[in-house]
Amino acid sequence: MRYFITFSYDGTNYHGWQIQPNGMSVQEKLQLALSTLLREEIAVTGAGRTDAGVHARMMVAHFDADDVTLTIEDMVYKLNRILPKDIAVQKIEKVSDDMHARFSAKWRTYHYYIHTRKDPFERAYCCEIHYPLDFVKMNEAGRILLEYKDFGAFCKAGADVKTTLCDVTKAEWIQTSETTWFFEITANRFLRNMVRAVVGTLIDIGRGRLSLDDFRKVIEGKQRSDAGESMPGNALFLEKIVY
């Protein structure tokens, strides 16, 4: 029987979602907890990968298990008792065998959070910016992203990907207070390090370091070295996955 598990996590103490040889990962913690609960070796497949320090308000993974005697409600309750405090399961549901956490997902949405004034309560999950930004121009650049399909310019150099094509349907800066904003981007898939590289490039535009014409040239050039810096991972959240 195949199950989908929906959960969230604070990525601060992890080397990303995927199991790593040199550090603790969210996937490793989840697999260990499920294997302990169900008393069989469980492997989980996630909807995608998040880098070290990146968070997820909504992540989905699937796993296969035989002879499960627990109810769904008991599985959720007991799994949350086993998991560390920075990983929380919201629901588990039975799905058909052809459902896949990664390949069945249609859309994914990320948020990147920034604040423009020093704030001790924002520092853990938000990137502090010390210079003025032109958010109107940054949103113009966001709309330009929707005109393109190839985002090789924002893919981490050396990443093992077969294609750099993505269908981006939304890219917008949204203000939540006088000093806080977040960038929302939705696509069918994301390349490794893509969101943080896009945000870094948009901030260069907001600072006046890059024009909108230059931004088009960066996208069309498909060279990571032409785009902006990769922003810190602590302000990035995987927000939603749609199936």
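**Helix packing in the model**

Colleague: Do tell me, is the crossing of α1 and α2 left-handed or right-handed?
Modeller: The crossing of α1 and α2 is right-handed (the near helix is turned clockwise from the far one by less than a right angle; anticlockwise would be left-handed). This is a predicted model, in which local features need pLDDT of at least 70 and side-chain atom pairs pLDDT 80 or more, while totals for chains, interfaces and linings use all residues. Residues are numbered from 1 along each chain as its sequence is written, and side-chain values use heavy atoms, without hydrogens or water.

Colleague: At what angle do α1 and α2 pack?
Modeller: Helix α1, residues 26-38, packs on helix α2, residues 72-82, at about 125°, and their axes (fitted to C-alpha atoms over the stretch in contact, with angles from 0 to 180 degrees between N-to-C directions) lie 10 Å apart. That makes α1 oblique to α2 (under 35 degrees is roughly parallel, over 145 roughly antiparallel, 65 to 115 roughly perpendicular, the rest oblique). Helices are DSSP runs of H or I with at least four residues, numbered from the N terminus.

Colleague: And which residues meet there, α1 against α2?
Modeller: From α1 come Leu30, Ala33, Leu34, Thr36, Leu37 and Leu38, which meet Met75, Lys78, Leu79 and Ile82 of α2, where contact means heavy atoms within 4.5 Å. By class, that contact of α1 with α2 holds 8 nonpolar, 1 polar and 1 charged residues (Ala, Val, Leu, Ile, Met, Phe, Trp, Tyr, Cys and Pro are nonpolar, Asp, Glu, Lys and Arg charged, the others, including Gly, polar).

Colleague: Switching helices: how do α3 and α4 pack?
Modeller: Helix α3, residues 135-145, packs against α4 at about 135°, with 8 Å between their axes, and α3 and α4 are therefore oblique to each other. α3 passes α4 in a right-handed crossing.

Colleague: Who makes that contact of α3 with α4?
Modeller: On α3 it is Lys137, Met138, Ala141, Gly142 and Leu145, and on α4 it is Val198, Leu202, Ile203, Ile205 and Gly206. The contact of α3 with α4 divides into 7 nonpolar, 2 polar and 1 charged residues.

Colleague: What about α3 and α5, where do their axes come?
Modeller: The axes of α3 and helix α5, residues 212-221, come within 10 Å and cross at roughly 30°, and that crossing of α3 and α5 is right-handed. Lys137, Glu140, Ala141, Ile144 and Leu145 of α3 meet Leu212, Phe215, Arg216 and Ile219 of α5.

Colleague: How many charged residues in the contact of α3 with α5?
Modeller: There are 3 charged residues in the contact of α3 with α5, alongside 6 nonpolar and no polar ones.

Conventions. Helices (H or I, at least four residues) and strands (E, at least two) are DSSP runs, numbered from the N terminus.
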